Amino acid sequence: MKKNRISKNWINKQRKDIYVRQSKIDGYRARSVYKLSEIHEKFRIFKGGMSVLDIGAAPGSWSQYISKVVKNVKLISVDLKKMENIDNSIQIIGDFTNTDIQKEIKKNITKKFDVVVSDMAVNTTGIKDIDAIQTGELCKEAMIFSNEILSKEGIFISKIFMGRTFNEIIELGKKIFKEVKVFKPKSSRIESKESFVICKKTR
Ligand SMILES: C[S@@+](CC[C@H](N)C(=O)[O-])C[C@H]1O[C@@H](n2cnc3c(N)ncnc32)[C@H](O)[C@@H]1O
């Protein structure tokens, strides 16, 4: 009964959400696309010919956007779940934290990546501290891996949840990158603790 009520609330919220409606009009698979487009508008991330790794890519709106805005992109999209194919993208299905998956990512590139984006999130428990810690761990893992595979001018963008791991993430970011900024796009729900780190230039 309680579960039904929650899912009805969720459906009603989705119906009213302007970003959900806009994503349908624009042909994107998720409203999350507008978070990446706002990040790009503010920080001028993407340029033609870039190689980009999208981690936690399913259902695929970020990869759709990257494939559209980056001419001649070399795009690798990784997720636990299979998703519908995207033009110009190589899809890898599996757990990003698994070293075999990380090896497979490296096998698919001949030079270092220009950009790594991660929207990875664990299935939320509803307990905000636990969600923030688990998603924070994924962000840290993606940051450490990015240090190996990004070019000197490389850019790393990741979802984080404001909470206990925030300071640790920023500290790690500053060890690996010269610039570390935090940004909450307008399209990120106001009631959500979600935000994004934008890190530039590996040390
Ligand atoms: C918020 S969704 C991403 C939405 C996506 N950016 C889009 O625009 O369609 C988070 C994704 O992270 C993925 N994920 C969580 N943990 C992961 C892991 N360890 N390895 C790979 N993907 C993971 C989930 O399967 C989920 O599809």
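A residue counts as near a molecule or strand if its C-beta atom, placed from the backbone, lies within 6 Å of it. With that in hand, we can start at the ligand. Its shell holds 23 residues, and the closest are Ser32, Gly56, Ser61, Phe96 and Asp119. Two elements, α4 (61-69) and β2 (74-79), each give two or more residues to that shell; here helices (H or I, at least four residues) and strands (E, at least two) are DSSP runs, numbered from the N terminus. By type, the shell residues divide into 13 nonpolar, five polar and five charged. In this count Ala, Val, Leu, Ile, Met, Phe, Trp, Tyr, Cys and Pro are nonpolar, Asp, Glu, Lys and Arg are charged, and the others, Gly among them, are polar.

A word on the model itself. It is predicted: local features need pLDDT of at least 70, side-chain atom pairs count only at pLDDT 80 or more, and totals for chains, interfaces and linings use all residues. Residues are numbered from 1 along each chain as its sequence is written.

**The chain as a whole**

The protein chain has seven helices and seven strands. Read from the N terminus, its elements follow the order α-α-α-β-α-β-β-α-β-α-β-α-β-β. The radius of gyration, taken over C-alpha atoms, is 17 Å for the protein chain, close to the 17 Å that the globule rule gives for 203 residues, so the chain is as compact as a globular protein of that length. That rule is 2.2 Å times the number of residues to the power 0.38. Along the principal axes, the C-alpha atoms of the protein chain fill a box of roughly 50 × 35 × 35 Å.

Of the 203 residues of the protein chain, 36% count as buried. A residue is buried if 20 or more other C-beta atoms lie within 10 Å of its own, exposed if 12 or fewer, and partly exposed in between, with C-beta atoms placed from the backbone. Two residues are in contact if their C-beta atoms, placed from the backbone, lie within 7 Å. Among contacts in the protein chain between residues at least 6 apart in sequence, 58% join residues at least 24 apart.

**Strands β1 and β4**

Let us turn to the strands. Five of the five residues of β1 (51-55) are buried, so β1 is largely enclosed by the rest of the structure. In a regular strand the side chains alternate between the two faces of the sheet. In β1, Ser51, Leu53 and Ile55 point one way, while Val52 and Asp54 point the other way.

Strands pair if DSSP finds at least two bridges between them. β1 runs parallel to β2, joined by five bridges, and Val52 has Leu75 as its bridge partner in β2. The chain crosses from β1 through α4 to β2 in a right-handed β-α-β crossover, right-handed meaning that, with the strands pointing away from the viewer, the path from the first strand over the helix to the second runs clockwise. β1 is also parallel to β4, over four bridges, and there Val52 has Val115 as its bridge partner.

Strand β4 (residues 113-118) has six of its six residues buried, so β4 too is largely enclosed by the rest of the structure. β4 pairs with strand β5 (residues 150-161) in the parallel sense over five bridges, and Val116 has Phe156 as its bridge partner in β5. Together β4, helix α6 (residues 128-149) and β5 make a right-handed β-α-β unit.

**Helix α3**

In helix α3 (residues 33-43), the residues Val33, Tyr34, Lys35 and Leu36 are buried. The cover over the buried residues of α3 includes α2 (18-26), α4, β4 and β7 (194-202).

**Backbone details**

Which residues are joined by a cis peptide bond? They are Ala58 and Pro59, with omega about 5°. Pro59 lies in the loop between β1 and α4. Some residues take a positive phi, as listed here.

| Residue | Phi | Place |
|---|---|---|
| Arg44 | about 45° | just after α3 |
| Asn72 | about 55° | loop between α4 and β2 |
| Asn88 | near 65° | loop between β2 and β3 (89-93) |

Is Asn72 buried or exposed? With 9 C-beta neighbours inside 10 Å, Asn72 counts as exposed. Asn88, by contrast, is partly exposed, with 15 other C-beta atoms within 10 Å.
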